[in-house]
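Open your viewer and keep the selection panel handy. This tour goes stop by stop.

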Amino acid sequence: MIYVTGDTHAEADRLSPSRLKFMKEGDTLIVCGDFGFIWDDSKKEQKLIRQLGKRKYNICFIDGTHENFSLLNNYEVSEWNGGKVHKIYDNLYHLMRGQVYNIDSQLVFTMGGGESPDIDIRTEGNLWSKDEIPSQEELLEGAQNLEKHNYKVDIVVTHEPPTRIKGFLQLKDYDNLRVTALNAYFEELSKSCKFQKWFFGSMHIDKYVSGSHIAVFKNIINAQTGEKV
């Protein structure tokens, strides 16, 4: 089975064995960005990474906006279930941008990254990296990989939502709505690609926006059924 949860921000309790005791060998949990456990390369962090990677199930994550991309990109790129990954340790994987994976007979499209809301006042190295924003090459690779599958997948996992969904979730603050090129890319993808469920984490809420678009934060959702565990 595939399960999805939202941004963990290095909160170890969110991925504790007791909280994930329902997961069986071979299952996969995907975190929708801002994983946070690859941040300072400390001994404590390395120990936790080994503990996560030794689980009997897979823990996977896409990147968000608050990541140490320098550390993350130092990991060797390999292939896992048909798509490119950074293998962090044993069963712990970073699912790279614009990839399609075959996980448990489900086609899963991933596109991490986004744009920090306070990008205008941030500078490179000030807890911010330009690598948070997907490149044109990554967006193109995503489109090309979807084309190989006739623009039909089962599950879409992103950090940011499509424009229309973001606007709906920020109706109360619509005047300050910040729509990025990535949101627009996802809006086009939402129209052109067939999928069953689309999960995203950047809004930090748990909400079923529609039958197919699901904002996820602290909930753990069965990716095939859309039901909360």
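Select K197 to begin. In this predicted model, K197 counts as buried, at 15% relative accessibility. The cut-off for buried is under 20%.

Now widen the view to the strand. K197 is found in β10, which covers residues 197-200.

Next, show the side chain of K197. What lies 2.9 Å from a polar atom of that side chain? Select G211: the partner is its backbone oxygen.

Keep K197 selected and bring up its surroundings. Leave aside the neighbours within four places in sequence. K197 is then in contact with three groups you can pick in turn:

- D154, I155 and V156
- G211, S212 and I214
- A223, Q224, T225 and G226

Stay on T225 from that list. T225 and K197 are 28 residues apart in sequence. In space, their C-alpha atoms are 8.5 Å apart.

Move on to the cysteines. Select C32. C32 is buried, with a relative accessible area of 0%. Then select C60. C60 is buried too, and its relative accessible area is also 0%.

How many disulfides does the structure hold? The count is 0. Why does C32 not bond to C60? Draw a distance between the two sulfurs. C60 holds the closest cysteine sulfur to that of C32, yet it is 12 Å away, too far for a bond. Start from C60 instead, and the closest cysteine sulfur is the one in C32, at 12 Å. A disulfide needs the sulfurs within 2.5 Å, so this pair does not qualify.

How values were computed. Residues are numbered from 1 along each chain as its sequence is written. This is a predicted model: local features need pLDDT of at least 70, side-chain atom pairs count only at pLDDT 80 or more; totals for chains, interfaces and linings use all residues. Side-chain values use heavy atoms; hydrogens and water are left out. Buried means under 20% relative accessible area, exposed over 50%, partly exposed in between (1.4 Å probe, protein chains only). Helices (H or I, at least four residues) and strands (E, at least two) are DSSP runs, numbered from the N terminus. Contact means heavy atoms within 4.5 Å. A polar contact is a pair of N or O atoms within 3.5 Å; within protein, one must be able to donate a hydrogen and the other to accept it, and residues adjacent in sequence count only if both atoms are side-chain atoms.
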